[in-house]
Amino acid sequence: MLVFISMSTFFIGDFISAAENEISQINPVIEMFKDKFETNGYLENETAHRVNAPHIFPKVHNLFQLETWFNFSDEFSLYGLTWLKYDAAYESNNYSDEASREYKTNFKTKDILRELYVEGSISDLSFRLGRQQVIWGEAVGLKITDIINPQDLREFILDDFIDSRVPLWMLKLEYSLGKYDIENLFIPDFEPDRPAETGSEWSLPSPFSYPQQAISKPGDGFESTEIGLRLSRFLGGWDISSSYFYTWDDSPALHIKEEKSEKKVFPEHHRHHTLGFTFNNAFGKWVPQGEFAFNVGKFFRIEETEVAEGVTRKNNLFYMTGADYTVNDNLLVNGQFIQQIIFNYEEGMIDDEIENIFSIFFQSNFMNETLKPDLLILYDANDGVFLIRPKAAYDLTDKIKLTLGADIIEGEAKGFIGQFNNNDRIYFETKYSF
């Protein structure tokens, strides 16, 4: 027995010595890569309650986000952003099976792995290759030239822009040419807008009673590639940019066709061109700004009595002019006038020939910037509808943030915003960052 114990002690001691030796060899490797990794993330809960009947909790949304960087060198790095989502509201019987399956979790690879790209720079050329989102535009509350990524509309237009964009696989190149900064996009990955599922509170009723066929989508690959070009520069104190985007419409046109003596709806995505222009400048407390998008060959709905297929192709201008005004260190005010004009307008078109929207945004901070209230008001002048969004965020600690807010829609139950005038809600968010 003593011999066995002695031998065991010898082997255990030998094993420990060997393990320590291995660890000592691994440690330099760990130390070498430790400084190359960066991670951060957060846990967040957002719970919303309907003001109007039915008085339910339409959103009990829980999100875990993790960001990771691996820096190969000062010039090259790998970035990943993952999401794990669970919404307890869709465990109830208040929603359709389709909405419950789509919204309860995001346990699909493409949704969990939200972004993944490698980026680097060589001299004046920088690149980003992988699944990502690209931000163009100046407008607050609505997207005008910020159309590179399709939009997740499952929360209507209420999601933060950074969350509502659907990331795409693409190559982005940036370089300088004299006084110009040039950005090129090559996007072989097509993703449509994600409309709200039938049975959710933000779903749109079908405009037709005809049966709908499968959506005709462009394939992935070279022939379907979207191409973007953006040039920007400073000129006389103005920060200006012009852009061109050869794209697919992220929302399909609804063609009505007769098949075997029966009318059916054939949704189809179409190509169109978008020319963009933005500007801004600072004059003391004032920062005037503007954003213009001219769409060539975009499809709009029209009554069947006017056009057999129920769609017509037009050019349209969608633009914003506005300004920021810094009242003092604690208050910023932004005002905007937004307008859409459809050229060569025809009787029977569903959209108005000219649509006017006004907005005002107040952003302030108190208590050493730990309390940050803001207020966004959008007014659709054509339909007489207001979207009112008060919010207050409070940094309880460096890691814990509490937010109380509301989404209120006032006006007639018509138009893009007014159709949801029964969906007023208040919400509370808790966010823990690490």
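This passage describes the overall build of a predicted model and then a selection of its local features.

The chain holds 434 residues, and 40% of them are buried. Its secondary structure comprises 5 helices and 20 strands. Along the principal axes, the C-alpha atoms occupy a box of roughly 100 × 60 × 55 Å. Among contacts with a separation of 6 or more, 56% join residues 24 or more positions apart. The exposed surface of the chain comes to about 23500 Å². Carbon and sulfur atoms supply 58% of that surface. The chain carries 39 positive and 69 negative charges. The mean positions of these two sets are 1 Å apart.

Aromatic rings were examined next. The whole structure contains 25 aromatic pairs. One of them is formed by tryptophan 69 and tyrosine 79. Their ring centres are 5.3 Å apart, and the planes meet at 50°, a tilted arrangement. Tryptophan 69 belongs to strand β2 (residues 59-71), and tyrosine 79 to strand β3 (residues 76-87), so the pair ties together parts that are 10 residues apart in sequence. Tyrosine 79 is buried, because its relative accessibility of 6% is under the 20% limit.

A further tilted pair consists of phenylalanine 294 and phenylalanine 343. Here the ring centres are 5.9 Å apart, with 55° between the planes. This pair links distant parts of the chain, 49 residues apart. Phenylalanine 294 lies in strand β13 (residues 286-301). Phenylalanine 343 lies in the loop between β15 (331-342) and β16 (354-364). Both rings belong to partly exposed residues: phenylalanine 294 has a relative accessibility of 27%, and phenylalanine 343 has one of 34%.

Aromatic residues also gather into a cluster. Its members are Trp238, Phe277, Phe279, Phe283, Phe292, Tyr319, Phe337 and Phe358.

Two lysines are placed over aromatic rings. The charged end of lysine 257 sits over the ring of phenylalanine 266, 5.7 Å from the ring centre. Lysine 431 lies over the face of tyrosine 42, and the distance to the ring centre is 4.1 Å.

Several loops show backbone features of note. Alanine 53 and proline 54 are joined by a cis peptide bond, with omega at about 0°. Proline 54 is located in the loop between β1 (37-50) and β2.

Phenylalanine 156 is not a glycine, yet its phi is positive, at about 60°. This residue falls in the loop between β5 (125-132) and α4 (161-164). Phenylalanine 156 has a relative accessible area of 6% and is therefore buried, the limit being 20%. Serine 261 likewise is not a glycine and has a positive phi, of about 65°. The loop between β10 (253-259) and β11 (262-268) contains serine 261. Its relative accessible area is 71%, which is over the 50% limit, so serine 261 counts as exposed. The two positive-phi residues thus have opposite surroundings: phenylalanine 156 is buried, whereas serine 261 is exposed.

Two residues illustrate links across the sequence. Phenylalanine 245 lies in strand β9 (residues 238-248). This residue is buried, at 2% relative accessibility. Its C-alpha atom is 9.9 Å from that of asparagine 184, although 61 residues separate the two along the chain. Neighbours within four places in sequence are set aside in what follows. Phenylalanine 245 then contacts Ile147, Ile148 and Ile187. Glu226, Ile227 and Gly228 are also among its contacts. His272, His273 and Thr274 complete the list.

Serine 203 is found in the loop between β7 (180-187) and β8 (226-235). The C-alpha atoms of serine 203 and phenylalanine 420 are 9.4 Å apart in space. In sequence, these two residues are 217 residues apart. Phe420 also touches serine 203. Not counting residues up to four places away, the other contacts of serine 203 are Ala196, Glu197 and Thr198.

Methods: Residues numbered from 1 in each chain as written. Predicted model: local features only at pLDDT ≥ 70, side-chain atom pairs only at ≥ 80, totals over all residues. Heavy atoms only, no water. Helix = DSSP H or I, 4+ residues; strand = E, 2+ residues; numbered from the N terminus. Buried < 20%, exposed > 50% of the residue type's maximum accessible area, 1.4 Å probe, protein only. Contact = heavy atoms within 4.5 Å. Areas by Shrake-Rupley, 256 points an atom, 1.4 Å probe, with all protein chains shown as cover. Lys, Arg positive; Asp, Glu negative; His and termini not counted. Charge placed at Lys NZ, Arg CZ, Asp CG, Glu CD. Phe/Tyr/Trp six-rings, centres within 6.5 Å; stacked < 30°, edge-to-face > 60°. Lys NZ or Arg CZ within 6 Å of the ring centre and 35° of its normal.
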